[in-house]
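Reader: I would like a close look at one part of this model, a single loop, and then at whatever lies around it. Please begin with the loop itself and work outwards from there.

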Amino acid sequence: MCRWTAYQGSPIYLEELLFKPENSLIRQSLQARVSETVTNGDGFGVGWYGTRDFPGVYKDVRPAWNDSNLRALASQIESSLFLAHVRATTGTEVQRSNCHPFQYGNWLFVHNGVLKGLNKIKRDLVLAIDPEFFPCITGTTDSELMFYLALSFGMAEDVAGGLARMAGFIEQTSQRHGIDHAVQMTLGISDGHSLYACRYSTEGRSRSLYHSASSAAIEELGPEAGRFSSETRAIVSEPLNELAESWEAVPESSFLTITGGDVSCQPFAPEYGHA
């Protein structure tokens, strides 16, 4: 599968979260500890928000641990809100357009998981995407289709609702094709103001996802702890250090919102009736 990290708080250099922690995302790309796949070397990407109205995105097909440009950029780019992802393909091509995060306007989207039986349902999924978003599809992944389906189902106005309608549509479509346990997803999303995350799978056995219990979890990670504000929070596929009390597991079938240090967790369930 994949691994991802998301951060919101006082501005920091990307390297402080991507490279420096003992179990940083870059280390996870080589040797993940809580994952279906140990190595996540089929590309990477990072999206960050700065002073513009839209995020910057850098991604490539190289393994994250072997890209000197990523290390150089991460030591220079400072941001208060960013998402990063390392990829392990579930069958689609290793190409830049298949690397996360996916971007539309001010939105960023990362995914860990898989849609079972994608080849059987892909046509139905693509045809359900709003014509406004259809020209934006440049890759071949299930993740990108999920992103534009969620936007088509109103994610820009209601993040949880758009994701619920997206998941429900995929499950109903899969059922018509005789596919069980169709959806497996942990999602990281941002609109430039808040972080959103979702942990859900049809079978109720979702991939791992955690959020920092407080700013102290982040302060333990790097040598410049004094830069982190009390509002600092992170969402991660797996803890970035060994301090278990610093990280809280996101419950099964949950939707998480982080804004200005406030963490809200609510139950998540697919919404049906849009097939």
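Author: The place to begin is His181, which sits in the loop between helix 6 and strand 7, in what is a predicted model. His181 has a positive phi of about 50 degrees, although it is not a glycine, and with a relative accessible area of 43% it is partly exposed.

On either side of that loop, the chain goes into the interior. The largest nonpolar core has 38 residues, and those with the most contacts inside it are Leu163, Met166 and Met185. Both elements that flank the loop take part, since helix 6 (159-176) and strand 7 (183-190) are among those that each supply at least two residues of this core, together with strand 6 (107-115), helix 4 (118-127), helix 5 (142-152) and strand 8 (195-201). Helix 6 gives the largest share, 8 residues. A second core lies apart from this one and has 25 residues, including Leu14, Ala64, Phe82 and Ile218.

Leu163 is a useful residue from which to view the larger core. Setting aside residues up to four places away in sequence, Leu163 touches Ala150, Met155, Leu187, Ile189, Cys198, Phe255 and Phe268. Of these partners, Ala150 belongs to the buried residues of helix 5, a group that also takes in Asp142, Ser143, Glu144, Leu145, Met146, Phe147, Tyr148, Leu149 and Leu151. In this helix 10 of the 11 residues are buried, so helix 5 is largely enclosed by the rest of the structure. Its buried residues pack against strand 5 (102-104), strand 6, helix 4, helix 6 and strand 7, a set that again includes both neighbours of the loop that holds His181. After helix 5 comes Gly154, with a positive phi near 95 degrees.

On the strand side, Ala197 is found in strand 8 and is buried, with a relative accessible area of 1%. Apart from its neighbours within four places in sequence, Ala197 is in contact with Trp4, Leu187, Leu209, Ile235, Ser254, Phe255 and Leu256, and of these Leu187 and Phe255 are also touched by Leu163. Ala197 and Glu15, by contrast, are separated by 182 residues in sequence and by 22 Å in space, C-alpha to C-alpha.

Two other loops deserve a comparison with the one at the start. Ser253 lies in the loop between strand 11 (247-249) and strand 12 (254-259); it is not a glycine, yet it has a positive phi of about 55 degrees, and at 22% relative accessibility it counts as partly exposed. Pro101, placed in the loop between strand 4 (78-86) and strand 5, is joined to His100 by a cis peptide bond, with omega near 0 degrees.

Finally, the chain as a whole gives these parts their setting. The protein chain has 7 helices and 13 strands, and its radius of gyration of 17 Å is close to the 19 Å that the globule rule gives for 275 residues, so it is as compact as a globular protein of that length. Buried residues make up 57% of the 275, and among contacts with a separation of 6 or more, 69% join residues 24 or more positions apart.

Technical notes
Residues numbered from 1 in each chain as written. Predicted model: local features only at pLDDT ≥ 70, side-chain atom pairs only at ≥ 80, totals over all residues. Heavy atoms only, no water. Core = buried A, V, L, I, M, F, W, Y, C linked by side-chain atoms within 4.5 Å. Buried < 20%, exposed > 50% of the residue type's maximum accessible area, 1.4 Å probe, protein only. Helix = DSSP H or I, 4+ residues; strand = E, 2+ residues; numbered from the N terminus. Contact = heavy atoms within 4.5 Å. Rg over C-alpha atoms; globule rule 2.2 N^0.38 Å.
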